[in-house]
Amino acid sequence: MCGIVGYIGHRDAYPIIIKGLQRLEYRGYDSAGVVLFDGENLSLSKTKGKVDDLKKKTKKEISTNGKLGLGHTRWATHGVPNDINSHPHYSNSGNLVIIHNGIIENYESIKKALTKRGYTFESDTDTEVLVNLIEEVKKKEGVKLGQAVQIALTQVIGAYAIAVFDKNKPDEIVVAKLGSPLAIGIGENEYFIASDASPFIEYTNNAVYLEDEEMAIVRIGKEIKMRKIKDDSIAYPNILELQLNLEEIEKGGYDHFMLKEIYEQPRAIHDTFRGRLLADQGIIRMAGIDQNIEKFMNANRIIIVACGTSWHAGLVAEYIFEDMARIPVEVEYASEFRYRNPVITDKDVVIAISQSGETADTLAAIKLAKEKGAFVFGVCNVVGSSISRETHAGAYTHAGPEIGVASTKAFTTQITVLTLIATKLAKEKGTFSESRFHEILAELEGIPQKVEAALLANELVEEIADVYKDASNCLYLGRGYNFPVALEGALKLKEISYIHAEGYPAAEMKHGPIALIDEQMPVVVIATRKGHYEKVVSNIQEIKSRSGKIIAVVTEGDKTVKELADHVIEVPETSEGLSPLLTTIPLQLLSYHIAVMRGCNVDQPRNLAKSVTVE
């Protein structure tokens, strides 16, 4: 959440910043702003709304000249979304300018102290408090901006990624990070600052990702100067060569990023197991597991911590690990895990799952698990993200950039990675036969083609969406491996169409939700042939007898459910454990088409953010 973009160099800053903010729109926001400095004057424009609104306002209000500038998309925490609370913010003198992602928890006490010293505040934000604290330190201590930022940050509690500059010293920008991501792009006599690398990928492939409690000063014509905030020790930049390419962050002819990412799943799943799965040789090769195999083999249990869609992937993994590897698994909401004083020992393995690798609750759960002595393994999509650095070992999903806020290919690639791990452990533990091991490898290798086949139902799903686009409620049911898919299907519909939806184990329907079923209630039932098929058919009959509208996801060639359901969507046959990789596809498409028909903002649903970096 919140997007930061900054530039200092020889180019015009405005087009770089605006394009960068558009690239960061996936993070979720409710207002936007930009400030530019042309060597003499500051030009500020900010507004509630989208980056397009900012562009229109900027064109009318300010000069867009300047080789130095900062831009920001804000997701409201302190103060309602409006023009005044939008970033950037000035200090009282008008000399310092700041943009900020995160939360300063002790801002009220700082604000009271600053008010007593004569400072005034226009906004309700913690960010305006922070920039004035920096100004007060700079004046009181008689130090340069970099030192003032460093001293001020030792006085705050919370999370931040900030970029600050002083109009009286326009050849430098000071940045710092704790808990929220921040990248610095290094060009020829120019620097780029952003929440991730997407705003500057066409300008440079070289980037530095700040670690927590690090700050940096970027100056025209000089190398990056980095220090640790707490002890003032020198930090040395680790310059990475980016693998991201521009095509991956463009829509590629699709109407929305979400649809593009749904259709990218065959390739994404293949890329996730490419080089790891050697089916013809009977080998799964994963460095993070191979180098720590004893930790997994000797584990008393596996604890999976995650949020949202990643939590649903963890639920699927619970079935996979317990069925294949016979290791007890607990799946926890990271946001609850960190607060309930969990029992963790050095015999536990904690698997932390996050698409962005920056999820604040999951990072806090990781730190808690490490303090308790557990071995922590990360599963995330973003190379160089905080979770990849905080965990003892891990595996990337290699899904490629996921821009749509509602996660799709992250879900299926997370399940793919977790399936590879469980299958490898099962082979090591000898919990299933050699023949079953080879069957699973062959079936997993063929999944991308089967996902392509599942995507062929798109036109049918669109027709079904047209029937139910005006529904007020929807129920999703599944059993076994497909119960988490029902939860995920319901979440997708809620996220992007704003229709109330609930996912339930099909057998639990009679313990409450059945009271909701009438002729107005669409019920999505996952009824594949593998698993508890006869039981699910019985559940469908219960729905039909109460006049519910049944949308069934079934295995190709199914005849029994076809006679009972109002609509049937077929997916290819596969093993029960891999079926979530297929059954989730029509549910993603259904949510997408309903949202489009309702006129919703598919890629940027209201109130949501892609990377949740605050509690």
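The paragraphs below walk through this predicted model, from its nonpolar cores to its strands, helices, loops and cysteines.

Start with the packing. The largest nonpolar core holds 90 residues. Within that core, the residues with the most contacts are F321, I351, F377, L425 and Y476. Take L425 as a way in. Leaving aside residues up to four places away in sequence, L425 touches I289, I293, F296, M297, F321, A325 and I327. F321 thus appears twice: as a contact of L425 and among the residues with the most contacts in the core. There is also a second, separate core, with 30 residues. Its members include I110, I162, V164 and A176. Such clusters fit a general pattern: in soluble globular proteins, nonpolar side chains tend to be buried together.

Follow A176 into its strand. Strand β8 spans residues 172-178, and seven of its seven residues are buried. How are the two faces of β8 covered? In a regular strand the side chains alternate between the two faces of the sheet. On one side of β8 sit E172, V174, A176 and L178, and these are buried. On the other side sit I173, V175 and K177, and these are buried too. The list includes E172 and K177 along with residues such as V174 and V175.

Now look at the strands that pair with β8. Strands pair through backbone hydrogen bonds, either parallel or antiparallel. Strand β7, residues 158-166, pairs with β8 in the antiparallel sense over four bridges. A161 has K177 of β8 as its bridge partner. Five residues lie between β7 and β8, and the two strands form a hairpin. Strand β12, residues 214-219, is joined to β8 by six bridges. This pair also runs antiparallel. Here I173 has V218 of β12 as its bridge partner.

Helix α5 belongs with this part of the chain. It covers residues 145-153. Is α5 largely enclosed or largely open? Seven of its nine residues are buried, so the helix is largely enclosed by the rest of the structure. The buried residues are L145, G146, A148, V149, Q150, A152 and L153. Several elements cover them, including β6 (96-104), α4 (126-141), β7, β8, β12 and β13. β7, β8 and β12 are therefore met again here, as part of the cover over the buried residues of α5.

Further along the chain comes an open sheet. Five strands form it, in the order β24-β23-β25-β26-β27, with parallel pairing. The edge strands are β24 (500-505) and β27 (567-571), each pairing on one side only. Neighbouring strands are turned against each other by 20 degrees on average, direction ignored. Inside the sheet, β25 (residues 522-527) and β26 (residues 549-555) run parallel and are joined by six bridges. V524 has I551 of β26 as its bridge partner. Helix α18, residues 483-497, lies across β23 (473-478), β24 and β25. It runs at about 175 degrees to β24.

Some backbone details deserve a look. A cis peptide bond joins H87 and P88, with omega at about 5 degrees. P88 is in the loop between β4 (68-74) and β5 (89-90). Which residues other than glycine have a positive phi? D232 is one of them, with phi near 65 degrees. D232 is in the loop between β13 (225-228) and β14 (234-235). At 36% relative accessibility, D232 counts as partly exposed. H398 is not a glycine either, yet its phi is positive, at about 60 degrees. H398 is in the loop between β22 (393-396) and α14 (409-429). It counts as partly exposed, at 36% relative accessibility.

End with the cysteines. How many disulfides does the structure hold? It holds zero. A disulfide is a covalent bond between the sulfur atoms of two cysteines. The cut-off used here is sulfur atoms within 2.5 Å. For C307, the closest cysteine sulfur is in C380, 14 Å away, which is too far for a bond. For C380, the closest cysteine sulfur is in C307, again at 14 Å and too far for a bond. The settings of these two cysteines can be read from their accessibility. C307 counts as partly exposed, at 24% relative accessibility. C380 is buried, with a relative accessible area of 2%.

Methods
Residues numbered from 1 in each chain as written. Predicted model: local features only at pLDDT ≥ 70, side-chain atom pairs only at ≥ 80, totals over all residues. Heavy atoms only, no water. Core = buried A, V, L, I, M, F, W, Y, C linked by side-chain atoms within 4.5 Å. Buried < 20%, exposed > 50% of the residue type's maximum accessible area, 1.4 Å probe, protein only. Contact = heavy atoms within 4.5 Å. Pairing = 2+ DSSP bridges. Axes fitted to C-alpha atoms, helices over the stretch in contact; angles between N-to-C directions.
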